[in-house]
Amino acid sequence: MINESALALGALLGAGNFADIMMVDRPVGAGLPSALVYKRFRSAPAPAEIAHLGELIRFRKNLRSEERLELDRLAAWPLEFVIDAAGALSGVLMPCAPREFMFTNPDRDLLPATVGLLFPKAQRGRKVGAAVPGDGNLVARLMVCAQLAHALDWLHRRKVVFGDLSQANELFTIHGSPRIYLIDTDTVSIPGSRVPQPHTPNYIPPEIASLGDFSTVAADVYKFTCLLVRIVSRPREQLSQRARPEFVHQALDSSGIRMIERGLSARPADRPSM
C-alpha cells in the first residue's frame with residue numbers, strides 16, 4: 001500500500017458518483033508505470049469490491065516480469081491500494097492511458113479515443129478531432145480488431161474474462177501501427193473471483209439469462225464479434241440493433257462471414273477462440 005501523502009497529485013481528470021480521478025505528477029516507486037492516475041474513492045467501497053480489487057492487484061504482481069510488462073501495455077489495470085493519514089483505504093493507483101490513445105477536440109479538451117468512434121460514422125470521429133480510418137479503409141479497421149482479439153486472447157490464456165466489452169471500454173490508435181488499450185478493468189474476472197460483470201445492451205449473448213451477472217470466455221467472444229460487426233459493416237443504419245451476420249456481407253468474404261456466424265452463435269460451444 002502507498003500513503004496518499006507520498007503522491008504528488010495534479011489535475012482532476014474526472015469526477016463521478018463513486019470516485020474522483022486525479023493525475024499523479026511524478027513516478028511513485030519501483031515496479032509501477034511512470035504515468036499514473038489516482039482513483040480516490042468518495043465513499044468506502046463494499047468489502048467484496050475491495051477484496052476483488054486486491055485480487056486484481058495481486059494477479060498483476062504474481063505475473064512474470066515480461067507478462068507484467070505486456071499487461072501494462074494492453075490495459076489500465078489496478079496497481080496498488082492507497083491509504084490516508086489514518087491508515088484507511090482511500091483509493092487505488094491505475095496506469096494513465098498513453099497519450100496516443102487520446103485526442104484533442106476543437107474545444108481543446110483531451111478525450112479518450114474509444115472504439116465507438118469507429119462505427120457511428122468515421123466522419124463524426126474526424127470532425128471531433130480523432131484520427132479515424134475512413135469507412136472504406138477496411139484493412140485499418142480489421143487491424144484494430146486484430147489487436148483487440150490479441151489482447152483478449154492474452155487475457156483468456158490466463159483464464160481472465162474481460163466481461164463488459166462495448167464501444168466505450170477499449171481505446172484505439174492508428175498512429176504508427178494500430179493498437180488497443182483496455183480500460184474500466186475493475187470488473188474483469190480472474191481465476192477464483194465471482195465479481196458481478198455488467199453487460200451493455202446490444203452486446204448481451206443469448207445465454208446470459210443463465211449466467212446472471214457473470215460472464216465467460218465464450219461471452220467475451222460473442223461481444224467481440226458484435227464489436228467487429230459494427231466496426232466493419234456498411235451501411236451503418238443498424239447500429240442500434242443486435243449484430244447480425246448479414247450486416248457484413250458487403251465487407252467480408254465467405255470465410256469472414258462464417259467466422260462472424262460462429263462468433264454470434266446462440267451455442268457458446270460453437271464460437272471460435274480468439
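**The main core**

I started with the nonpolar cores of this predicted model. The largest one has 49 residues, and I looked up which members touch the most others: Trp77, Leu148, Leu155, Phe172, Leu182 and Phe224. Next I checked which elements feed this core. At least two residues each come from α1 (47-62), α2 (65-74), α4 (138-156), β10 (179-182), α6 (217-232) and α7 (254-263). Of the contributors, α4 gives the most, with 9 residues.

There is also a second core, separate from that one, with 10 residues. Leu7, Met22, Leu79 and Leu93 are among them.

**Tryptophan 77**

What does tryptophan 77 touch, once its neighbours within four places in sequence are left aside? I got a long list: Leu56, Phe59, Arg60, Leu71, Leu93, Met94, Pro95, Leu155, Val160, Thr185, Val188 and Ile190. I noticed two names from my earlier notes here. Leu155 is listed with Trp77 among the core members that touch the most others, and Leu93 belongs to the second core.

**The whole chain**

I then stepped back to the chain itself. I counted 7 helices and 10 strands in its secondary structure. Its C-alpha atoms fill a box of roughly 60 × 45 × 35 Å along the principal axes.

How does the radius of gyration fit a compact globule? For 274 residues such a globule would come near 19 Å, and the chain has 19 Å, so the two agree.

I looked at burial too: 49% of the 274 residues are buried. For contacts, I took those between residues at least 6 apart in sequence, and 56% of these join residues at least 24 apart. The exposed area is about 13,000 Å², with carbon and sulfur atoms supplying 55% of it.

Charges came last in this round. I found 32 positive and 28 negative side chains, and the centres of the two sets lie 4 Å apart.

**Isoleucine 174**

I went to the loop between β9 (170-173) and β10, where isoleucine 174 sits. Is isoleucine 174 buried, exposed or partly exposed? Its relative accessibility is 26%, so I put it down as partly exposed; buried would need under 20%, and exposed over 50%.

Not counting residues up to four places away in sequence, isoleucine 174 touches Ala131, Val132, Pro133 and Val144. I followed up the last of these: valine 144 is 30 residues away in sequence, yet the C-alpha atoms of the pair are 7.8 Å apart in space.

**Glycine 136**

Glycine 136 is in another loop, the one between α3 (122-127) and α4. I read a relative accessible area of 67% for glycine 136, which means it is exposed. I also looked up how glycine 136 and valine 232 are placed: they are 96 residues apart in sequence, and 8.8 Å apart in space from C-alpha to C-alpha.

**Two positive phi values**

My last check was on backbone angles. Most residues other than glycine have a negative phi. I wrote down two residues that go the other way.

Lysine 159 has a phi near 65°, a positive value in a residue other than glycine. It lies in the loop between α4 and β9. Its relative accessible area is 63%, so I note lysine 159 as exposed.

Where does aspartate 184 lie? I found it in the loop between β10 and α5 (208-211). Phi of aspartate 184 is near 50°, again positive and again in a residue other than glycine.

Definitions and conventions: Residues numbered from 1 in each chain as written. Predicted model: local features only at pLDDT ≥ 70, side-chain atom pairs only at ≥ 80, totals over all residues. Heavy atoms only, no water. Helix = DSSP H or I, 4+ residues; strand = E, 2+ residues; numbered from the N terminus. Rg over C-alpha atoms; globule rule 2.2 N^0.38 Å. Buried < 20%, exposed > 50% of the residue type's maximum accessible area, 1.4 Å probe, protein only. Contact = heavy atoms within 4.5 Å. Areas by Shrake-Rupley, 256 points an atom, 1.4 Å probe, with all protein chains shown as cover. Lys, Arg positive; Asp, Glu negative; His and termini not counted. Charge placed at Lys NZ, Arg CZ, Asp CG, Glu CD. Core = buried A, V, L, I, M, F, W, Y, C linked by side-chain atoms within 4.5 Å.
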